[in-house]
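Here's a short walk through one protein model. Take a look at the sequence and the 3D view, then read on.

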Amino acid sequence: MPDNTAPARQPDLADLAHEEQDAGATGAHTTDSTSQSPITGRPPVSWSAARAYVLVLTLFALAGGPHLAGAVAAVVQQSGTEVPIEVLRVEEIGRLVGLAGAALWLLGLILTRPRPQGTGRPWGQVMELAYVLAVIVADEAGEFTAHGSTQIAGHLAELVVWVWLCVEVTARCGITLQRLNLARPDRLVRKRTKAERAQKAQGELVFYAHAAAICASVFLMGVLARLPGPVLKGDQATAAGVPDLGPHLAHALWSATVEEVLATAVAVAVLTAARRPLWEVLLVTALMRALPHLYLGLWPALAVLPLGITAGWLYHRYRRVIPLILAHTTYNVVNILFGMPPLLGVSVIMLAGVGWSWLETRTVPPRSRSRPEPRR
């Protein structure tokens, strides 16, 4: 008997773009619910709320705990209370202890990663981790310069450890923070389709929206700093202990990447996988971002809460962490090199970019819900 069943139609690029937009509009993200982990090859596992919070808070304690301790000590100093020098060293000691814990955790994940039959342990990655740690140790020991630690090579090596750990620990349970689809060089200059422009515009929308939120947050900090109460005296570079240009740029890249990857992407992805409500997820991301900024002062630190909520929502909606990092890093570098830019003008430009990118994401017409069967 002849088979009268119509052959399955292969989805085209426009369909894939619509599916991703529909998933984002409903809060369901196919990258977390249907895709397999690129490291383990397994689908996402079911997360409990307790397990999700243990993972998120452990990462935050290792990476942000020392900075939080230093921020609390700064608030005590701003209130006029003398802080012993031993207490001020807690942040530096805690940073090294947290980094050591992160390295051991990462080593354990590498050694216990599920592997196909017949393959040995990934000693190559173990050696790569050893090289990164050697750079950190050498920089801390002041081997790169006769005047002591450069605070550049070691800081960048630390960044590798933290990002590697975040990617490894989430991928172990089937969560992909962001899929990177790199185009071939010959396709960069060709004319893009409407669906491809919409995909590209999503990343631009996240970039401009996050940059505008940072400008608004800094403006709000300036307003709240006028209220009575303890506030930071001087600039953030001096408070962070990196007044020189090179270390300051390295610290700016470190803070932007770790904040967006750990305090935003990992927290949102893991808590969403545990089916926590969106308001709870955004509250956690806002607190994780704001608490280490207490050294700015009690009132100015409140200006960081809306920024954390905005970044968390942008990642929850679009699952793009690279644009968040680029926006944060760009602002930090511009602020370091040229001082505080005119926030009103920059905000207007960024908001215009948000509007243009949003219109670009709507260039693909709505997909018809009912498709006629092909004629035989």
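## Two arginines with an unusual phi

Let's start with Arg319: its relative accessible area is just 6%, so this residue counts as buried. In this predicted model, Arg319 sits in the loop that links α13 (304-318) to α14 (322-338). Its phi is near 55°, which is a positive value in a residue that isn't a glycine.

Now jump to Arg275, another non-glycine residue with a positive phi, this time about 60°. You'll find Arg275 in the loop between α10 (245-273) and α11 (278-290). Is Arg275 buried or exposed? With a relative accessibility of 75%, Arg275 is over the 50% cut-off, so it counts as exposed.

## Rings that meet edge to face

How many aromatic pairs does the structure hold? There are 2 of them. Phe207 and Tyr208 make one pair: the ring centres are 5.4 Å apart and the planes meet at 80°, so this one is edge-to-face. Phe207 has a relative accessibility of 22%, so it counts as partly exposed. Tyr208 gets the label partly exposed too, at 25%.

Trp313 and Tyr318 also form an edge-to-face pair, with 6.5 Å from centre to centre and 85° between the planes. Here the two partners get separate labels: Trp313 is partly exposed at 40% relative accessibility, while Tyr318 is buried with a relative accessible area of 9%. Tyr318 has another partner to look for, since you can spot Arg317 over the face of its ring, 4.6 Å from the ring centre.

## Helix α7 and Glu158

Next up is helix α7, which covers residues 153-171. Does the helix length add up? Well, here's the check: at 1.5 Å a residue, its 19 residues should span 27 Å, and the C-alpha atoms at its ends are indeed 27 Å apart, so the two agree. Of those 19 residues, 14 are buried, which means the rest of the structure largely encloses α7.

Zoom in on Glu158, which belongs to α7. At 2% relative accessibility, Glu158 is under the 20% cut-off, so it counts as buried. Which side chain makes a polar contact with the side chain of Glu158? That's Arg95, at 2.3 Å. If you skip neighbours within four places in sequence, the residues in contact with Glu158 are Arg95, Leu99, Ile136, Glu140 and Trp254.

## The nonpolar cores

In soluble globular proteins, nonpolar side chains tend to be buried together. In this model, the largest nonpolar core has 51 residues, and the ones with the most contacts inside it are Trp162, Leu262, Met288 and Tyr315. Which helix gives the largest share of this core? It's α10, with 12 residues.

Try clicking on Leu262 to see what surrounds it. Leaving out neighbours within four places in sequence, Leu262 touches Leu59, Phe60, Ala63, Cys166, Thr257, Ala267 and Met288. There's also a second, separate core of 12 residues, and Val75, Leu224, Ala290 and Leu296 are among them.

## A glycine and its distant partner

Last stop: Gly355, in helix α15 (residues 343-361). Its relative accessibility is 31%, so Gly355 counts as partly exposed. How far apart in space are Gly355 and Ala209? They're 146 residues apart in sequence, yet their C-alpha atoms are 9.2 Å apart.

Note on methods. Residues numbered from 1 in each chain as written. Predicted model: local features only at pLDDT ≥ 70, side-chain atom pairs only at ≥ 80, totals over all residues. Heavy atoms only, no water. Helix = DSSP H or I, 4+ residues; strand = E, 2+ residues; numbered from the N terminus. Expected span 1.5 Å × (residues − 1). Buried < 20%, exposed > 50% of the residue type's maximum accessible area, 1.4 Å probe, protein only. Polar contact = N/O pair within 3.5 Å; in protein donor to acceptor, adjacent residues only side chain to side chain. Contact = heavy atoms within 4.5 Å. Core = buried A, V, L, I, M, F, W, Y, C linked by side-chain atoms within 4.5 Å. Phe/Tyr/Trp six-rings, centres within 6.5 Å; stacked < 30°, edge-to-face > 60°. Lys NZ or Arg CZ within 6 Å of the ring centre and 35° of its normal.
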